[in-house]
Protein chains: 2
Amino acid sequence: MPDQGRPARIGFLLSQLGAHAAELFADQTRGLGITPSEAGVIRIIGRSPGISQRELAQTLGSVQSRVVALIDRLEGAGLVTRTRSSADRRVQELRLTESGSAVLRALRHAAEAQEAAIVDGLTPDQATALFGLLSKLSSLRGLDAEVHIGYREAASPVKSTVPTSYHDAASPLKSTAP
Amino acid sequence: MPDQGRPARIGFLLSQLGAHAAELFADQTRGLGITPSEAGVIRIIGRSPGISQRELAQTLGSVQSRVVALIDRLEGAGLVTRTRSSADRRVQELRLTESGSAVLRALRHAAEAQEAAIVDGLTPDQATALFGLLSKLSSLRGLDAEVHIGYREAASPVKSTVPTSYHDAASPLKSTAP
DNA sequence: AGTAATTATTCATCTAGTGAATCATGCAGT
DNA sequence: ACTGCATGATTCACTAGATGAATAATTACT
């Protein structure tokens, strides 16, 4: 228990900055006409074309019924296609359309621009140090480096929220100081 | 634009770890029978007894109608009292009951335990460095050190699936690497 | 063939949150 | 004192996101 008199705020700062980063990202996706959740789906399909809805649900840490709604929306927007697998006609193979691929490219650009915005004000050394510390923390906590299912199992009534869940929750963590 | 070839993942890591920290905190509050949002309300009332619902809404970055529901719940649970102000009979003065104060103390203990859990695996120097970097980032972004209203204005449809909103969104940010 | 498991889908439900409308009260100007 | 406007709290209808149970189509097992 490393307590050196420092106020207990790392948890608070992480959730605050994480929510802030999520907001910035949501701004970007909104400009592309999709939600952050849908952006995640596009990312995964782009990396694994032909993935099934069941596999996608598992990767997202979500459930199949939720994936149905997400894909319904993306298919309607012309970004994703469903095609029945010839090997197993129960499964729907998911792929990006040309528009979907374009959105994915735009998302990558947006993520890089956001990264620059986030570390703006830090020196390159500081940004590198921060990256190292966050990476270590992430691996220490056993979080997946590729997909952050983050907080799906713990909060049954969730979340939300993004940060449901923690939105207003923010203030609570601050409670350690006063 | 400090880009030194490092993968663009700080944004992703922040949101991932922030969501994780929020989940840990939600676990704690669940054990106390309240949600993270309600914990935030209790924190604020504990620090500012007699605060009005309007002031509370502003501090939370929420709206009055939302506060009504939150206080309804906390009053019903016997943690908070509403009393009409004698100076201005429109305003409801909010205060913690004895049980409410007990919950606030429990929340403080939980936050400290969580802080220890979060930095577990880092050396004290690393924890201090991380705290410094996160604090700098937070002030650079103009985030309030006391209350994180964090991501309320940007995502109109939100927010939530913190949590929401960024839950599944997680994966998207990772999109910078592949 | 017949039974069980699997994939996708629908549906009813829940929660959190928002904005508009309403009510009671306070306050400023006349 | 009277009028009219502003303010705090509340109610209500509505939305978005998420969840779990039930169902249909298909495949796997034996």
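Start by selecting helix H3 of chain A, residues 53-60, in this predicted model. Show the side chains of A:Leu56, A:Thr59 and A:Leu60: these are the buried residues of H3(A). Now turn the view until you look down the axis of H3(A); its buried residues fall within an arc of 95 degrees, so they line one face of the helix.

What covers that face? Add helix H2 (36-47), helix H4 (64-76) and strand S2 (92-96) of chain A, which are among the elements covering the buried residues of H3(A). Before leaving, step just past the end of H3(A) to A:Gly61, where phi is positive, at about 75 degrees.

Next, zoom out to the whole of chain A. You should find seven helices and two strands, running α-α-α-α-β-β-α-α-α from the N terminus. Of the 178 residues in this chain, 48% count as buried.

Now select helix H6 of chain A, residues 124-140. H6(A) has 17 residues and spans 24 Å from its first C-alpha to its last, close to the 24 Å expected at 1.5 Å a residue. Colour A:Ala127, A:Leu130, A:Leu134 and A:Leu137, which are buried. Seen down the axis of H6(A), its buried residues fall within an arc of 95 degrees, so they line one face of this helix too.

Which elements do they pack against? Bring in helix H5 (98-119) of chain A, then cross to chain B for helix H1 (10-31) and helix H6 (124-140). Flip to the face of H6(A) turned away from its buried side, and you will meet the exposed residues A:Pro124, A:Asp125 and A:Ser139. Finish at A:Gly142, just after H6(A), with its positive phi of about 70 degrees.

Conventions:
Residues numbered from 1 in each chain as written. Chains lettered and ligands numbered in written order. Predicted model: local features only at pLDDT ≥ 70, side-chain atom pairs only at ≥ 80, totals over all residues. Helix = DSSP H or I, 4+ residues; strand = E, 2+ residues; numbered from the N terminus. Expected span 1.5 Å × (residues − 1). Buried ≥ 20, exposed ≤ 12 C-beta atoms within 10 Å, placed from the backbone. Arc of directions from axis to C-beta. Contact = placed C-beta atoms within 7 Å.
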